[in-house]
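User: Hey, can you walk me through this model? I'd like the basics and then the odd spots.

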Amino acid sequence: MSTPLFEYLLRLGDDRLILGHRNAEWCGHGPILEEDIAVANIALDQTGEAQLLLNLAGQVEGQGRDADQLAYWRDETQFRNLQMLELPRGDFGFTMVRQFLFSAHAHFVLEHLAKCPHDDLAGIAAKALKENRYHLRHSSEWVVRLGDGTEESHRRIQAALEELWPWTVELFFEDAVDAALKAEGIAPNQADIKPKWEAMTAEVLTRATVEPPKGPMRMVGGRKGRHTEHLGHLLAEMQIVARSHPGASW
Amino acid sequence: MTNAAGLPTTGQEVIDLLHEVKDPEVPVIDVVELGIVRSAEVEGDRVLVKVTPTYSGCPATQVIEREIRGALERRGFKDITIKMVYNPPWTTDWIAADAREKLRAYGIAPPGPTSGGTELVSLGRPTRSVACPYCGSSNTTTESQFGSTACKSIHFCRACQQPFEHFKAI
């Protein structure tokens, strides 16, 4: 029987697991050595946060599952991450715009969770809030530098923003899971976060001389296990070793 | 103090004992100086040590846990529990004062205070410059906020022309 807290922890953990995996794809492929190291460090933080959150989810569930079992032995429809985070990594500009849009939102969510009455979750969130601060600064600096850079870098940041922006509607998705956790004082109210996120993104995007598209937003579904065609491919790569050698240790 | 079995009897003695466990990535300081050993409780040959990890994804955490266990086993404890505690989260403010000097002597600029200078989006605002651990000059630039381990950033000293690492304040 899945409880709202278990579901909520999966959502938080899966966001970081999937984005961490996409960011880790840059390891060995960064445009310069410093950025190779930086994006790999961000991926390490996110994967570590995912491990803590999924271990806690497993404890809450009480069926004996830990972070590894949740990461490697669930299928696509059981993942609860935002669809935006599973999209292929794209070019470096795309990776930075996505990191910025996500980290700006994560900041306000974590700020709330760090003070929530669930002690373990509050501790994990307080730590993640500090790490996310570095991710946010790093990605916002690149969005500005590239957006307000050369003709080519500007074109790429604008193109990344046009592709990513419609997916951001899902950041503010809420359902009965959120309602139950808001009633316990755990989850934040997304309607309170939205104006803060809009102000922060507007400040950076204006400095970057790029503009969000005016077109329609995407469908939402990641929180309910509905995903793009990209997640299955990502999971195939992420899970292959664990599934080929069940129980292996090294 | 030791009991009949020759084991330490207070938490403080156990903590003192753990000075022998070095940080595997920065071996000039130990886990107590790093501030990650939060408390220890002893009852006969049973010991409980509470540890707070530095970064969520720090790969050294598992090594440190294993080495703390090894040190306690060598001292003669039979029943050892190491509990990870996440709240309150670790901060570089918990690094001991003399350990900061050891970091500097090793060539890693120690962390400053965690308060102040923390705009969420910097938008090109100048960040606090980090003093060079070799020559002490503050004429330095930040090359990257991310370095060879999760806890360090990369800098360059214009005065002595040396690249160096900095233990990030967090």
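Analyst: Sure, here is a walk through the chains, a sheet, a helix pair and some backbone oddities.

User: Before we start, what kind of model is this, and how are things numbered?
Analyst: This is a predicted model: local features need pLDDT of at least 70, side-chain atom pairs count only at pLDDT 80 or more, and totals for chains, interfaces and linings use all residues. Residues are numbered from 1 along each chain as its sequence is written, while chains are lettered from A and ligands numbered from 1 in the order in which they are written.

User: OK, chain B. How many helices and strands are there in chain B?
Analyst: Chain B has 3 helices and 7 strands. Those are DSSP runs, helices being H or I with at least four residues and strands being E with at least two, numbered from the N terminus. Along the sequence the pattern is α-β-β-α-β-α-β-β-β-β.

User: What box do the C-alpha atoms of chain B fill, and what share of its residues is buried?
Analyst: The box is roughly 60 × 30 × 25 Å along the principal axes. Of the 170 residues in chain B, 37% are buried. A residue is buried if 20 or more other C-beta atoms lie within 10 Å of its own, exposed if 12 or fewer, and partly exposed in between, with C-beta atoms placed from the backbone.

User: And how does chain B touch chain A?
Analyst: 22 residues of chain B are in contact with 33 residues of chain A. The chain B side of that contact has 12 nonpolar, 9 polar and 1 charged residues. Contact means that C-beta atoms, placed from the backbone, lie within 7 Å. For the classes, Ala, Val, Leu, Ile, Met, Phe, Trp, Tyr, Cys and Pro count as nonpolar, Asp, Glu, Lys and Arg as charged, and the others, Gly among them, as polar.

User: Now the sheet. Which order do the strands E1, E2 and E3 of chain B have?
Analyst: The order is E1-E2-E3 in an open sheet of 3 strands with mixed pairing. E1 and E3 (79-84) are at the edges with a single partner strand each, so one side of each has no neighbour in the sheet. On average, neighbouring strands are turned by 15° against each other, direction ignored. Strands pair here if DSSP finds at least two bridges between them.

User: Does anything pack on it? I mean, what touches E2 and E3 of chain B?
Analyst: Helix H2 (residues 60-75) of chain B packs on the sheet and touches E2 and E3, and its direction makes about 155° with that of E3(B). For angles like that one, axes are lines fitted to C-alpha atoms, for helices over the stretch in contact, and values run from 0 to 180 degrees between N-to-C directions.

User: How do the strands pair, then?
Analyst: E1 (residues 37-43) and E2 (residues 46-51) of chain B are antiparallel over 6 bridges, whereas E2(B) and E3(B) are parallel over 6 bridges. In the E1/E2 pair, B:Glu43 has B:Arg46 as its bridge partner, B:Glu41 stands opposite B:Leu48 and B:Ser39 stands opposite B:Lys50. On the E3(B) side, B:Lys50 has B:Lys83 as its bridge partner.

User: Which residues are on the covered face of E2(B)?
Analyst: B:Val47, B:Val49 and B:Val51 are on the covered face, with B:Arg46, B:Leu48 and B:Lys50 on the uncovered one. In a regular strand, side chains alternate between the two faces of the sheet.

User: Switching to chain A. How do H4(A) and H6(A) cross?
Analyst: The axes of H4 (residues 92-113) and H6 (residues 151-164) of chain A come within 9 Å and cross at roughly 50°. The two helices are therefore oblique to each other; angles under 35 degrees count as roughly parallel, over 145 as roughly antiparallel, 65 to 115 as roughly perpendicular and the rest as oblique. Residues in the contact include A:Phe94 and A:Leu101 of H4(A) and A:Ile157 and A:Leu161 of H6(A). By class the contact has 7 nonpolar, 2 polar and 2 charged residues.

User: Last thing, the odd spots?
Analyst: Most residues other than glycine have a negative phi, and most peptide bonds are trans. The bond from B:Asn87 to B:Pro88 is cis, with omega near 0°, and B:Pro88 is in the loop between E3 and helix H3 (97-106) of chain B. B:Gln161 is not a glycine, yet has a positive phi of about 60°. B:Gln161 belongs to the loop between E6 (152-157) and E7 (163-167) of chain B, and is exposed, with 10 other C-beta atoms within 10 Å.

Definitions and conventions:
Two residues are in contact if their C-beta atoms, placed from the backbone, lie within 7 Å.
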